[in-house]
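This report describes selected features of one molecular structure for a reader who is new to the subject. The sequence and the structure are shown first, and the description follows.

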Amino acid sequence: MLALGKLLELTLAGREPAEKTQLTVEGVRMRWMGEGALEVRPPEARDNGMDLLLSAGIHGNETAPIELLDELLHGIARGEIKPRARILFLFGNPEAIRKGERYLDQDVNRLFNGRHELSSGSEALRACELERLATTFFSVPERTRLHYDLHTAIRGSKIEQFALYPYKEGRQHSRRELERLSAAGMEAVLLQSKPSITFTAFTYETLDAEAFTLELGKARPFGQNEQIKLDKLEMRLRQIIEGNEPEGDQLDGMQLFSVAREIIKHSDSFHLHLPADIENFSELSKGYLLAEDLAQTRWIVEEEGARIIFPNPKVKNGLRAGILIVPTTAEQLG
Ligand SMILES: O=C(O)CCC(=O)N[C@@H](CCC(=O)O)C(=O)O
Ligand SMILES: [Zn+2]
């Protein structure tokens, strides 16, 4: 296999490859773009106009998605997967991946859309670097732009695999993209209702890509991910890469939710009234006192059919400590 196919090994070792560009026997060009970043370019005659950004390891302890991208890259480097799409592979937070931690000092996935400029440290620099790499990659006009940012979650979930779809004023969420995600094994999609500071919010809002955060199961260390079933996602990614997606995708019972509210932790007095082992998508009844914070702030559930996602009282002050979602329908999709 070509040395550049071993991007994960290089990243884990903190090494720079001697050769920055390599060609597979099929004429696919692989180019090392910096730490944890590799561009794959098909021969011009085979290029179908799709620009696909695949990122994982924005949180360093979320290893199943990193292993999946590693496998896809090996397939390309060995000539077994024959790309028609141009692809950018990104391992988001190399230092945190090496340490097996979600982040070292700051959550990289809260530093996009300008946030890194208000901050300092290695993770702010990395967010800036990821924005630069994504901006350059998605700068070619008249090509299709698609970004999947792959994650696993801190806790168990009543719905195992789901996507979060960013929001931009005046832009409609795409039904076609949700059908594609359904084929990729996603059982639910959360439609965001305001702009955000995550990586996919940046590529969606600023770079006009279709962009999704994919949650694929519970986070575990490298080599311990056999419980996470990624066959459908892997197959669909291969099809997108090789430009041979089947026609006739359907929503197929996919559950849709919209974000009602983000619960923001304002101070060290923040207290979340949920059991530590509560699962994502747990239902909360109307009137439930969800959280309390300083100055007698009380977060009470007002929404019918509300469920909680990503409850985490340990986030830094000013950040999201959970998301309240409610069921919605496909009517608003474009
Ligand atoms: O399990 C958790 O609490 C967090 C899992 C995770 O990392 N989720 C992403 C979602 C990003 C988005 O909102 O699009 C995150 O919190 O960064
Ligand atoms: Zn994550």
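A13 is found in helix α1, which comprises residues 7-13. In this predicted model, A13 is exposed, because 10 other C-beta atoms lie within 10 Å and a residue with 12 or fewer counts as exposed. A13 and P94 are 81 residues apart in sequence, but their C-alpha atoms are 9.6 Å apart in space.

## Helix α2

Helix α2 consists of 15 residues, numbers 63-77. At 1.5 Å a residue, this helix should span 21 Å, and its end C-alpha atoms are indeed 21 Å apart, so the two values agree. How many of the 15 residues of α2 are buried? The number is 11, and therefore the helix is largely enclosed by the rest of the structure. Among the buried residues of α2 are T63, A64, P65, I66, L68 and L69. D70, L72, L73, I76 and A77 are also buried. After α2 comes G79, whose phi is positive, near 85 degrees.

## Two annotated regions

Two stretches of the chain carry domain annotations in UniProt. An unreviewed entry lists residues 49-240 as "domain: Succinylglutamate desuccinylase/Aspartoacylase catalytic". Over residues 49-240, the chain is 33% helix and 21% strand, and the end C-alpha atoms of this stretch are 11 Å apart. The unreviewed entry also gives "domain: AstE/AspA barrel-sandwich hybrid" for residues 254-327. Over residues 254-327, the chain is 0% helix and 46% strand, and here the end C-alpha atoms are 11 Å apart.

## Strand β9 and the ligand

Strand β9 covers residues 210-218 and contains E215. T213 is found in β9 as well. UniProt, in an unreviewed entry, lists E215 under "active site". Is E215 buried or exposed? E215 is buried, since 26 other C-beta atoms lie within 10 Å and 20 or more are required for that class. Leaving aside residues up to four places away in sequence, E215 touches H151, T152, A153, Q161 and F162.

T213 counts as buried because it has 24 C-beta neighbours inside 10 Å. With residues up to four places away in sequence again left out, T213 touches D149, H151, A163, L164, T198 and T200. The C-alpha atoms of T213 and E67 are separated by 17 Å, and the two residues are 146 residues apart along the chain.

Which residues surround ligand 1? T213 is one of them, and the others are H59, N109, H151, A153, I154, R155, L164, T198, T200, F310 and N312. By character, the shell around ligand 1 divides into 4 nonpolar residues, 7 polar residues and 1 charged residue.

## Strand pairing

Strands of a sheet pair through backbone hydrogen bonds, and the pairing is either parallel or antiparallel. The following table lists three pairs of strands.

| Strand pair | Sense | Bridges | A pair of bridge partners or opposite residues |
|---|---|---|---|
| β8 (residues 188-191) and β10 (residues 255-264) | parallel | 4 bridges | V189 and L256 |
| β10 and β16 (residues 320-327) | antiparallel | 7 bridges | F257 and P327 |
| β11 and β13 (residues 289-293) | antiparallel | 2 bridges | H271 and E292 |

Strand β10 thus pairs with β8 in the parallel sense and with β16 in the antiparallel sense. A further arrangement involves β11 and β13. Together with β14, these strands form an open sheet of 3 strands in the order β11-β13-β14, with antiparallel pairing. The edge strands are β11 (271-272) and β14 (297-300), each of which pairs on one side only.

## Two loop residues with positive phi

Two aspartates deserve separate mention. D208 has a positive phi of about 60 degrees although it is not a glycine. D208 lies in the loop between α6 (199-205) and β9, and with 12 C-beta neighbours inside 10 Å it counts as exposed. D252 likewise is not a glycine, and its phi is positive, at about 45 degrees. The loop that holds D252 lies between α7 (231-242) and β10. D252 is exposed, with 9 other C-beta atoms within 10 Å.

Conventions. Residues are numbered from 1 along each chain as its sequence is written. Chains are lettered from A and ligands numbered from 1 in the order in which they are written. This is a predicted model: local features need pLDDT of at least 70, side-chain atom pairs count only at pLDDT 80 or more; totals for chains, interfaces and linings use all residues. Two strands pair if DSSP finds at least two bridges between them. The expected span of a helix is 1.5 Å times one less than its number of residues. UniProt positions are given in the numbering used here, feature names are shortened, and annotations may be inferred rather than shown by experiment. Two residues are in contact if their C-beta atoms, placed from the backbone, lie within 7 Å. A residue is near a molecule or strand if its C-beta atom, placed from the backbone, lies within 6 Å of it. Ala, Val, Leu, Ile, Met, Phe, Trp, Tyr, Cys and Pro count as nonpolar, Asp, Glu, Lys and Arg as charged, and the others, Gly among them, as polar.
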